[in-house]
Amino acid sequence: MLSFEHRYATLPEPLSVECAATPVATPELIAFNAPLAAELGADEIPDEATLAAWFSGNQTMPSAKPRALGYAGHQFGNFVPQLGDGRALLLGEVVDQHGKRRDVQLKGSGRTPFSRGGDGRSPLGPVLREYLVSEFMAAMGIPTTRALAAVTSGERVVRQLPEPGAVFTRVASSHIRVGTFQFAAVRRDEAALKALADHAIERHYPEAANAQDPYLALLEAVVARQAELVARWMSIGFIHGVMNTDNCSIAGETIDYGPCAFMEQFDPQKAYSSVDQGKRYAFASQPGIAQWNLARFAETLLPLLNEQGDAGVAQATDAIRRFDGVFSAEQRRLHADKLGLAAESNDADALMEGLESQMHQGRMDMTATFDALTHYAASPSDERRDALLALTTQPQALTAWLEAWQAAQVAGQDDERFAAMRRGNPVIIPRNHRVQEAIDAAYDGDFAPFYTLLGVVTQPFDDSTEARRLAAPAIDSEQVLRTFCGT
Ligand code: AMP
Ligand code: MG
């Protein structure tokens, strides 16, 4: 079905090592992303039993050569010299219909040489969460890994309690992480480091190869890509939750949907992850953390730069500092879209700051606020204005803000600008309590809520009745206050 190549496998060991999947008891297909398979160049799609066998690892797909990838990483600021794929296997790369090389990886397919204490498996809950959230991000046009398949294993995995097991198939532009570079660097394996950097350039940033210093150009390109990514996340209230350097992709995609969550009531200090006690990865800390991760990336590249010693460090530092400018420019663009203002508007940042403070102080739900604002911009009726004011505990203050916003020449009847506003403001996000509801039902054997939710979050601008029902913020008793890695 897929025709695999194995370019990464030609890089020096132990960047990757051969490893077979451990078969599961009774694989059953839950979901298969046929449009994505077609994009990856899949010809014939076989029957479900074959898909279940392939995407559980019980059978090796023709031309696949499973390998576990090595990487290191800073986890919550602490360096771990060897992490690696402890429960994942790269099947190989496919060149998709746009000529782009993409990794296909099984997650939950059994132990590998990198497993340490873990069982190499994945519970069903995190598999469904990653499926829903990564496909939503893709529908929003936010760079992300994708979901190709999900299969239940027919086995139990023991976490706090026994849970059903599952295997997830992830598609990524690559699985090269900041931690992959740290892995080569900490081993002082300059040959592996250089091979890795050359591979990353060829694969993700081919224009860097022609720069005067290709490795400095690689750093600059990754900095820019990450700055844009984090700005996109924040524009829809996404909190990654575990921005360790091993979860920071060199391709600039969102990767590793562990304890991620979308912010409901706007609060810059919001953090959901149960393991993030110190709120290291809180909503508003994300740009600073991304920059910190990129500084760790820069450190690994120092031996490869044209300039050595202090001059090299100064150049790398400059490159990291450029994060701020790229981030602010992208954020300004996104603010203008979300508020329905012209791209060149000078008011976007100040108005957004004002609205954020309204949302915070008036305890407003972020997604509902922007959705209501979009409706109001489309047709400024009293009814729509009241719907917006109903979202805040401080309607008077919001009324004053609305006047300033309208004075700044909002989208109104300008079709193009309104379309941009709509694209910036989804009707629906995968709300934490809805994701949890889908997982809970699946644990009782009912996948219908998962399919329904997947259907609506992958059409995030559709205003259907079903979308509206699932888009509503959690009432108090439904609130999800904590999320878990679930590994
Ligand atoms: P993650 O939290 O998924 O980013 O994983 C961090 C590290 O722990 C990676 O090296 C994973 O491969 C490893 N890991 C997570 N869960 C398991 C598991 N169930 N078995 C083995 N290794 C695991
Ligand atoms: Mg990870």
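## A buried strand and its hairpin

Strand β6 covers residues 88–95, and seven of its eight residues are buried, so the strand is largely enclosed by the rest of the structure. The model described here is a predicted one. The partner of β6 is strand β7, residues 101–107, and the two run in the antiparallel sense, paired over seven bridges. One position in this pairing is Gly92, whose bridge partner in β7 is Val104.

Together β6 and β7 make a hairpin, with five residues between the two strands. The turn includes Gly99, which has a positive phi of about 80°.

## From the hairpin to helix α3

Lys107 forms a salt bridge with Glu130, and the closest N and O atoms of the pair are 3.1 Å apart. Because Lys107 lies in strand β7 and Glu130 in helix α3 (residues 124–139), this salt bridge ties together parts that are 23 residues apart in sequence. Both Lys107 and Glu130 are buried. As a general point, side chains of opposite charge can pair when their charged atoms come close.

## Other salt bridges

The model has 29 salt bridges by the rule used here. One of them joins Arg434 to Glu437, with 3.0 Å between the closest N and O atoms. These two residues sit three residues apart in helix α14 (residues 432–443), which means that about one helical turn separates Arg434 from Glu437. Arg434 is buried at a relative accessible area of 9%, whereas Glu437 is partly exposed at 37%. Elsewhere, salt bridges with shared partners link Lys107, Glu130, Arg170, Arg177 and Asp256 into one network.

Another salt bridge is formed by the side chains of Asp414 and Arg417, at 3.8 Å from N to O. Asp414 has a relative accessible area of 32% and is partly exposed. Arg417 is partly exposed too, with a value of 21%; the cut-off for buried is under 20%.

## The magnesium ion and ligand 1

Which residues coordinate the magnesium ion, ligand 2? They are Asn247, through OD1, and Asp256, through OD, at 1.8 to 2.2 Å. Asn247 is placed in the loop between β11 (238–239) and β12 (261–262). Its relative accessible area is 10%, so Asn247 counts as buried. Asp256 is buried as well. The side chain of Asn247 also reaches the backbone oxygen of Val242, at 3.0 Å.

There are 18 residues around ligand 1, and those that come nearest are Gly84, Gly86, Asp119, Gly120 and Asp256. Asp256 thus appears in the description of ligand 1 and in that of the magnesium ion. Asp119 places a polar side-chain atom 2.9 Å from a nitrogen atom of ligand 1. A polar backbone atom of Arg121 is 3.2 Å from a nitrogen atom of this ligand. Asn247 has a polar side-chain atom 3.4 Å from an oxygen atom of ligand 1.

## Backbone details

Glu13 and Pro14 are joined by a cis peptide bond, with omega about 5°. Pro14 lies in the segment before β1 (16–18).

Two residues other than glycine have positive phi values and can be described together. Phe76 has a phi near 50° and lies in the loop between β4 (73–75) and β5 (78–80). Arg116 has a phi of about 50° and is found in the loop between β7 and β8 (122–123). Are these residues buried or exposed? Phe76 is partly exposed, with a relative accessible area of 27%, while Arg116 counts as exposed at 55%.

## A buried tyrosine in a loop

Tyr205 is in the loop between α5 (190–204) and α6 (214–235). Despite the loop position, Tyr205 counts as buried, at 1% relative accessibility. The C-alpha atom of Tyr205 is 8.7 Å from that of Ala217, and the two residues are 12 apart along the chain.

## Domains

The domain assignment gives two ranges for the protein: domain 1 is 8–174 and domain 2 is 346–409. The C-alpha centres of domain 1 and domain 2 are 42 Å apart.

Note on methods:
Residues are numbered from 1 along each chain as its sequence is written. Chains are lettered from A and ligands numbered from 1 in the order in which they are written. This is a predicted model: local features need pLDDT of at least 70, side-chain atom pairs count only at pLDDT 80 or more; totals for chains, interfaces and linings use all residues. Side-chain values use heavy atoms; hydrogens and water are left out. Donors are N, O and S atoms within 2.8 Å of the metal (3.2 Å for Na, K and Ca); water is not among the atoms, so sites may look incomplete. Buried means under 20% relative accessible area, exposed over 50%, partly exposed in between (1.4 Å probe, protein chains only). Domain bounds come from an automatic or database domain assignment. Helices (H or I, at least four residues) and strands (E, at least two) are DSSP runs, numbered from the N terminus. Two strands pair if DSSP finds at least two bridges between them. A salt bridge is a side-chain nitrogen of Lys or Arg within 4 Å of a carboxyl oxygen of Asp or Glu. A residue is near a molecule or strand if one of its heavy atoms lies within 4 Å of it. A polar contact is a pair of N or O atoms within 3.5 Å; within protein, one must be able to donate a hydrogen and the other to accept it, and residues adjacent in sequence count only if both atoms are side-chain atoms.
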